[in-house]
Amino acid sequence: MAKTLQNLSSTYTILITTSFFFLSTLVTSETHRFIRSLSSSKHGLKREKLSHVHFYFHDIVSGRTPTAVKVADAPTTNTSMTGFGTVFMMDDPLTISPESSSKLVGKAQGIYASASQSELGLLMALNFVFVERKYNGSTLSVLGRNTVFSAMREMPIVGGSGLFRFARGYAHASTHQFDIKTGDAVVEYNVYVFHY
């Protein structure tokens with residue numbers, strides 16, 4: 001009888017240990033899921049909107065207070081027809097009209113770099129940071145290619161923040177004015193974005 005109770009006790013111990021391990025695995029796997037579905041409405045997301053944003057981008061590389069400065073280049077940049085390898089950091093004003101004295105609606109902050117050896121093609125990685133009224137602090141993020149001598153360039157909008165949270169869309173850029181002597185440019189932007 002003592003041997004039977006001892007075997008029964010061992011069986012219960014194994015069963016309880018196995019059950020505990022199995023249950024703890026279920027609980028652990030449930031609480032550490034990698035991806036889970038969420039309710040859009042519970043996170044304040046309403047119906048998606050399409051917005052058109054229009055402004056002028058002022059890229060000033062000359063003078064005492066440039067808004068874009070060269071931060072790097074490659075050993076072969078000076079011999080390249082396209083300036084391949086040159087990298088600029090920018091904090092360019094965005095205005096409501098082409099005149100630099102017109103109302104400031106934001107800044108273009110980020111980098112652009114000469115990324116083509118055969119044409120002047122820039123890699124653009126930047127945020128449009130808005131300062132106007134309810135859009136103050138909201139951003140749109142651009143990551144794309146800008147062939148600056150093309151009449152119209154299209155670059156993707158890959159995200160946003162604030163009122164442009166979950167943004168996606170595209171930006172059309174066309175040069176309004178370019179000074180060949182200084183390198184300064186004014187570019188018109190028409191941006192179309194879906195957002196919540």
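This is a short tour of a predicted model, stop by stop, with something to select at each one.

**The whole chain**

Start with a cartoon view of everything. The secondary structure comes to 1 helix and 9 strands, and from the N terminus on the elements run α-β-β-β-β-β-β-β-β-β. The helix, α1, covers residues 2-31. Now switch to a surface: the chain exposes about 12900 Å², and carbon and sulfur atoms supply 60% of that area. Of the 196 residues, 32% count as buried. If you like contact maps, take those contacts between residues at least 6 apart in sequence: 47% of them join residues at least 24 apart.

**Select V193**

V193 sits in strand β9, residues 185-195. Is V193 buried or exposed? Its relative accessibility is 0%, so V193 counts as buried. Show what surrounds it: leaving out residues up to four places away in sequence, V193 touches K49, L50, S51, L140, I157, F164, R168 and G169. For a distance to display, try V193 and L140; they are 53 residues apart along the chain, and their C-alpha atoms are separated by 8.9 Å.

**Select E48 and R168**

R168, one of the residues that V193 touches, brings us to the salt bridges. Side chains of opposite charge can pair when their charged atoms come close. How many salt bridges does a search of the whole structure find? The count is 6. In one of them, the side chains of E48 and R168 meet, with 2.3 Å from N to O. This pair links distant parts of the chain: E48 is in the loop between α1 and β1 (49-59), R168 is in strand β8, and 120 residues separate the two in sequence. E48 counts as partly exposed at 29% relative accessibility, and R168 is also partly exposed, at 41%.

**Select R145 and E119**

Another salt bridge joins R145 to E119, where the closest N and O atoms are 2.6 Å apart. R145 lies in strand β6 and E119 in the loop between β4 (104-114) and β5, so the pair ties together parts that are 26 residues apart in sequence. R145 is partly exposed at 46% relative accessibility, and E119 is partly exposed at 35%.

**Select K103, E132 and R133**

Here the salt bridges form a network linking K103, E132 and R133. Within it, R133 pairs with E132, the closest N and O atoms being 3.7 Å apart. The two partners differ in cover: E132 counts as buried at 16% relative accessibility, whereas R133 is exposed at 70%. R133 is found in the loop between β5 (121-130) and β6 (139-147). Check its backbone too: phi of R133 is near 40°, a positive value in a residue other than glycine.

While you have the torsions up, jump to F166, in the loop between β7 (153-161) and β8 (168-178). Its phi is near 65°, again positive in a residue other than glycine.

**Select the aromatic rings**

Next, show the aromatic side chains; 11 aromatic pairs are counted. Take F149 and F178: their ring centres are 6.4 Å apart and their planes are at 85°, so the pair is edge-to-face. F149 lies in the loop between β6 and β7 and F178 in strand β8, so the pair ties together parts that are 29 residues apart in sequence. F149 counts as exposed at 64% relative accessibility, while F178 is partly exposed at 40%. Then select F55, F57, F128, F130, Y135, F164 and Y189, which ring pairs link into a cluster.

**Select T77**

T77 is found in the loop between β2 (68-72) and β3. T77 is buried, with a relative accessible area of 6%. What lies around the polar atoms of the T77 side chain? The backbone nitrogen of A74 is 2.7 Å from a polar atom of that side chain, and the backbone oxygen of F84 is 2.9 Å from one. Setting aside neighbours within four places in sequence, T77 is in contact with G83, F84, G85 and T86.

**Last stop: a surface patch**

Bring the surface back and colour V69, V71, M89 and I111. They form a nonpolar patch with about 300 Å² of accessible area together. M89 is found in strand β3, residues 87-95, and counts as partly exposed at 40% relative accessibility.

Methods
Residues are numbered from 1 along each chain as its sequence is written. This is a predicted model: local features need pLDDT of at least 70, side-chain atom pairs count only at pLDDT 80 or more; totals for chains, interfaces and linings use all residues. Side-chain values use heavy atoms; hydrogens and water are left out. Helices (H or I, at least four residues) and strands (E, at least two) are DSSP runs, numbered from the N terminus. Buried means under 20% relative accessible area, exposed over 50%, partly exposed in between (1.4 Å probe, protein chains only). Contact means heavy atoms within 4.5 Å. Accessible areas come from the Shrake-Rupley method with a 1.4 Å probe; for residues, only the protein chains shown count as cover. Rings of Phe, Tyr and Trp (its six-membered ring) pair if their centres lie within 6.5 Å; planes under 30 degrees apart count as stacked, over 60 as edge-to-face and the rest as tilted. Patches are made of residues with over 30% relative accessible area and no salt bridge: like charges are joined within 9 Å, nonpolar side chains (Val, Leu, Ile, Met, Phe, Trp, Tyr) within 5 Å. A salt bridge is a side-chain nitrogen of Lys or Arg within 4 Å of a carboxyl oxygen of Asp or Glu. A polar contact is a pair of N or O atoms within 3.5 Å; within protein, one must be able to donate a hydrogen and the other to accept it, and residues adjacent in sequence count only if both atoms are side-chain atoms.
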